[in-house]
Amino acid sequence: MIREITLGQYYQADSVIHRMDPRTKIVGTIAFIVSLFLVKNIAGYAMAAVFLASVILISKVPFRFMVKGMKAVVFLLLITVVFNMFLTPGEVLVSFWKFKITKEGLRQAVFMALRLSFLIIGSSLMTLTTTPNNLTDGLEKLLKPLKVLRVPVHEIAMIMSIALRFIPILLDETDKIMKAQLARGADFESGNLIKKAKNMVPILVPLFISAFRRANDLAMAMEARCYRGGEHRTKMKPLQYRRRDFAAYMTLAAFVAAVVLTRKIILPF
């Protein structure tokens, strides 16, 4: 399960999406997430599904690799679906004991599951097609106007990039610790909720120690290389918009406009 989380990983491939400017992908991801919250009916979700599927196809990232990352959040999706299905008032479809499934609840549950799935896949697609270095440069460029307010833009972008880079490292470390504890006879499955929480201590303690050790090693390595922040630093590969980026922005604007228009379509579901 731990190894199936794809957020923060990079998938090497030769595609138009990989060659795009990281600023385009960051803005595109944010716009796609915002558009998901603007959708009100099945037509909008169908359009979002077609758009996301097209981007995945162009990126050349295997779809099974994208779906594999969803396995880690299945429990969260199930909780969301159940809560929306049983706690949303409306026209009752099925009733048993004290529970009622309403038409509005079923509709809301399906839409919420689709929204979360698209959100996770869309966010993962950005990190899968963008290297951490490019992601740092893109964030720094996008946040550059905040320098007027004396916001440490470079440091913020560096922290976010390092955090994303550490996700797969810490997941791999967690998997190794779990296997080592299981080999020593640890049991993470049996018992009630409190007992399961206590059983996680042998994993969390060494994981935190390892994380702090890695952070300390990284800080020492940066100091040894005389890292002093973003002032007067140059880029080996300066970011520059190309035709494909402008075409992507136009496509994205058309998609968002189409999603907004679907809000006015009245459907029976």
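Let me begin with K60, which is exposed, with a relative accessible area of 53%. The model before us is a predicted one. K60 is found in the loop between helix 3 and helix 4, the latter spanning 63-68. Although K60 is not a glycine, its phi is positive, at about 65°. As general background, most residues other than glycine have a negative phi. A second residue belongs in this part of the talk, namely R150, which also is not a glycine and has a positive phi of about 60°. R150 lies in the loop between helix 7 and helix 8, and at 78% relative accessibility it counts as exposed, because the threshold for that class is over 50%.

I turn now to the chain as a whole. Its secondary structure comes to eleven helices and two strands. Read from the N terminus, the order of elements is α-α-α-α-α-β-β-α-α-α-α-α-α. The C-alpha atoms fill a box of roughly 65 × 55 × 40 Å, taken along the principal axes. The chain has 269 residues, and buried residues make up 33% of them. Among contacts with a separation of 6 or more, 74% are between residues 24 or more positions apart.

The next topic is the packing of two helices. In general, two packed helices are described by the angle between their axes and the distance between the axes. For helix 2, residues 22-38, and helix 7, residues 132-142, the axes come within 8 Å and cross at roughly 75°. The two helices are therefore roughly perpendicular to each other. Which residues of helix 2 and helix 7 meet? From helix 2 they are P22, R23, I26 and V27, and from helix 7 they are N134, L135, G138, L139, K141 and L142. The residues of this contact divide into six nonpolar, two polar and two charged.

Within helix 7, L135, T136, D137, G138, L139 and E140 are buried. The buried residues of helix 7 pack against helix 2, helix 6, which covers 103-128, and helix 8, which covers 153-183. R23, one of the helix 2 residues in the contact with helix 7, has its charged end over the ring of Y241, 4.1 Å from the ring centre.

That brings me to the aromatic rings. How many aromatic pairs does a search of the whole structure find? The search finds seven. In one of them, the rings of F32 and F51 have their centres 6.0 Å apart and their planes at 25°, so the pair is stacked. This pair links distant parts of the chain, with F32 in helix 2 and F51 in helix 3, residues 42-59, 19 residues apart. F32 counts as buried, at 5% relative accessibility.

F51 also pairs with F255: the ring centres are 4.2 Å apart and the planes lie at 15°, so this pair is stacked. Since F51 lies in helix 3 and F255 in helix 11, residues 243-262, the pair ties together parts that are 204 residues apart in sequence. F255 is buried, with a relative accessible area of 6%. Taken together, ring pairs link F32, F51 and F255 into a cluster.

I close with S35, whose place is in helix 2. Is S35 buried or exposed? S35 is buried, with a relative accessible area of 1%. Leaving aside neighbours within four places in sequence, S35 is in contact with F255 and V259. F255 thus appears again, as a member of the ring cluster with F32 and F51.

Terms used
Residues are numbered from 1 along each chain as its sequence is written. This is a predicted model: local features need pLDDT of at least 70, side-chain atom pairs count only at pLDDT 80 or more; totals for chains, interfaces and linings use all residues. Side-chain values use heavy atoms; hydrogens and water are left out. Axes are lines fitted to C-alpha atoms, for helices over the stretch in contact, and angles run from 0 to 180 degrees between N-to-C directions. Helices (H or I, at least four residues) and strands (E, at least two) are DSSP runs, numbered from the N terminus. Angles under 35 degrees count as roughly parallel, over 145 as roughly antiparallel, 65 to 115 as roughly perpendicular and the rest as oblique. Contact means heavy atoms within 4.5 Å. Ala, Val, Leu, Ile, Met, Phe, Trp, Tyr, Cys and Pro count as nonpolar, Asp, Glu, Lys and Arg as charged, and the others, Gly among them, as polar. Rings of Phe, Tyr and Trp (its six-membered ring) pair if their centres lie within 6.5 Å; planes under 30 degrees apart count as stacked, over 60 as edge-to-face and the rest as tilted. Buried means under 20% relative accessible area, exposed over 50%, partly exposed in between (1.4 Å probe, protein chains only). A charge sits over a ring if NZ of Lys or CZ of Arg is within 6 Å of the ring centre and within 35 degrees of the ring normal.
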